Amino acid sequence: MTAARRRVIMRRRVLAATAVLAVVAALIVLVGQGLGSGSAVHGRNPRSRNPLGEGLWRGSDPSVLPGPVLIADRDNNRLLEVSPRGAVLWRFPEPGDLAPGQSFELPDDAFYSPDGREIVATQEDDFVISVVDVAHRRIVFRYGHPGVPGSEPGYLHNPDDAMLTPGGAILSADIKNCRLVVIRPPAQHVTQQLGETGNCTHELGVSYGSPNGAFPMSDGDTVVTEINGDWIDILKPDGSPVTDTNPPGFSYPSDTNEVRPGVFLSVDYTNPGAIETFTATGRLLWRYEPTGAGALDQPSLALPLPNGDVLANDDKNDRVIVIDPHTNRIVWQYGHTHEPGSRPGYLANPDGVDLAPPHSLTMRFAHSLQAP
């Protein structure tokens, strides 16, 4: 065999080997992306995870969030602050954070204080409200008796969505006592109450049908959500009534809040669940209600983002998501759908969200947030 012939054969072998390696590499990429399985964020496989964060699905766009997200990770008994890229920035409690004999169980909602130094967490099914000092990692105030419901001074029965006002008062819905309460730490009694304890019918300005949220509005009013009868009420700063309406098409309205003057955002805590915006007269503007594998499962809170997207906790799907209302597609997701867990990237029945300062809900309404 001539030298020229040997060179030709060697080149062919090199080219063949290169082709084989290219095919193997392509197969590895396809397998790593989970080709052909699962549902999708933006049409992509949710099990193909974003390498930037353990809990982000591939296809998540960190730029849709203005900053970190605070998550009340209910069944893991913890609060998490997660970056848009899926990194856990802060966690409570860590070992040593709780005093001897102290517990922190079942946090279902958590919101930053207007100065960003504290977080007020409602532990609905543990019947307490806790105020956490963020920097010092300590519970600095607690109202209620863990594990013991009641209506007498010092007791609550399923408190929900507590807000700290710039003046230091706590405004909270007390669901099963059918009242709104104002507590002024360090006092261990209710200093102001709206509604009649135990009267769970809807009568505007008189009684509340299992209220599960009282959120600030930009003009100083408060929007209250009532489970019984699918109602929202608008109250003046002194607690007197303005008007009421029904979120359209809901069976279990939850945590209605203001998007902009005259427009409200609420969720239907059902399966399949829904998220919608509507006017003060109950006219539907937008509704997100996917079916099938992408259905919401008992979402309990949605908040508007500065870019017009919607942040929501999809409780029983074990995830927090961002939805683009223009496309009705999920553009960001933290947590693994229907896979509860406590390992990095996992959630277990997340029941509340807030944006970290300076984009938090109470900072957004600091100029108007007050207790009756």
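What follows is a tutorial chat about reading the features of a predicted model.

User: Let's start wide. How many helices and strands does the protein chain have, and how much of the chain is buried?

Analyst: Keep in mind throughout that this is a predicted model. The secondary structure of the protein chain comes to two helices and 24 strands. Buried residues account for 53% of its 372 residues. For contacts between residues at least 6 apart in sequence, 48% join residues at least 24 apart.

User: How do I read a nonpolar core, and which residues touch the most other members in the largest one?

Analyst: The general idea: in soluble globular proteins, nonpolar side chains tend to be buried together. Here the largest nonpolar core has 41 residues, and those touching the most other members are Leu65, Ile71, Ile170, Leu311, Val322, Trp332 and Val353. Another core lies apart from it, with 14 residues, including Leu79, Ala110, Ile119 and Ile139.

User: Take leucine 65. What is it in contact with, leaving aside neighbours within four places in sequence?

Analyst: With those neighbours set aside, leucine 65 contacts Pro84, Leu305, Leu311, Val322, Trp332 and Leu355.

User: On to sheets. What is the strand order in the sheet that holds β20, and which strands are at the edges?

Analyst: To read an open sheet, follow the strand order and look for the strands that pair on one side only. In this case the order is β20-β21-β22-β23, with antiparallel pairing. The edges are β20 (299-304) and β23 (329-334), each pairing on one side only. From one strand to the next, the twist averages 25°.

User: And how many bridges are there between β20 and β21?

Analyst: Five bridges, in the antiparallel sense, with β21 spanning residues 310-314. If you want one to click on, proline 304 has valine 310 in β21 as its bridge partner.

User: What about the sheet with β16 in it?

Analyst: Read it the same way. Its four strands form an open sheet in the order β16-β17-β18-β19, and the pairing is antiparallel. β16 (253-260) and β19 (284-288) are the edge strands. On average, neighbouring strands of this sheet are turned by 20° against each other, direction ignored. Strand β18 (residues 274-279) runs antiparallel to β19, joined by four bridges. One bridge to look up pairs threonine 277 with tryptophan 286 in β19.

User: How do I read a hairpin, say β10 and β11?

Analyst: Look at the two paired strands, then at what sits between them. Strand β10 (residues 179-183) and strand β11 (residues 190-194) run antiparallel and are joined by four bridges. They form a hairpin with six residues between them. Valine 182 stands opposite glutamine 192 in β11. Check the backbone in between too: a cis peptide bond joins proline 185 and proline 186, with omega about 10°, and proline 186 is in the loop between β10 and β11.

User: Where does the other Pro-Pro cis peptide bond, at proline 357 and proline 358, sit?

Analyst: That bond also has omega of about 10°. Proline 358 lies in the loop between β24 (350-355) and α2 (361-364).

User: How many disulfides are there, and what does a disulfide tie together?

Analyst: There is one in the whole structure. The sulfur atoms of cysteine 178 and cysteine 200 are 1.9 Å apart. The link is right-handed, with 100° about the S-S bond. Cysteine 178 lies in the loop between β9 (170-174) and β10, and cysteine 200 in the loop between β11 and β12 (211-216), so the disulfide ties together parts that are 22 residues apart in sequence. Cysteine 178 is buried at 0% relative accessibility, whereas cysteine 200 is partly exposed at 27%.

User: Now aromatics. How are the rings of phenylalanine 92 and phenylalanine 104 arranged?

Analyst: Check the centre distance and then the angle between planes. The whole structure has six aromatic pairs. For phenylalanine 92 and phenylalanine 104, the centres are 5.2 Å apart and the planes sit at 80°, so this pair is edge-to-face. Phenylalanine 92 belongs to strand β3 (residues 88-92), and phenylalanine 104 to the loop between β3 and β4 (109-112), twelve residues apart. Both are buried. Ring pairs also link Trp90, Phe92 and Phe104 into a cluster.

User: Last one: are histidine 338 and asparagine 349 buried or exposed?

Analyst: Histidine 338 is exposed, with a relative accessible area of 51%, while asparagine 349 is buried at 6%. Histidine 338 has a positive phi of about 60° without being a glycine, and phi of asparagine 349 is positive too, near 60°. Histidine 338 lies in the loop between β23 and β24, as does asparagine 349.

Note on methods: Residues are numbered from 1 along each chain as its sequence is written. This is a predicted model: local features need pLDDT of at least 70, side-chain atom pairs count only at pLDDT 80 or more; totals for chains, interfaces and linings use all residues. Side-chain values use heavy atoms; hydrogens and water are left out. A nonpolar core is a set of buried Ala, Val, Leu, Ile, Met, Phe, Trp, Tyr and Cys residues joined through side-chain atoms within 4.5 Å. Buried means under 20% relative accessible area, exposed over 50%, partly exposed in between (1.4 Å probe, protein chains only). Contact means heavy atoms within 4.5 Å. Two strands pair if DSSP finds at least two bridges between them. Axes are lines fitted to C-alpha atoms, for helices over the stretch in contact, and angles run from 0 to 180 degrees between N-to-C directions. Rings of Phe, Tyr and Trp (its six-membered ring) pair if their centres lie within 6.5 Å; planes under 30 degrees apart count as stacked, over 60 as edge-to-face and the rest as tilted. A disulfide is a pair of cysteine sulfur atoms within 2.5 Å.
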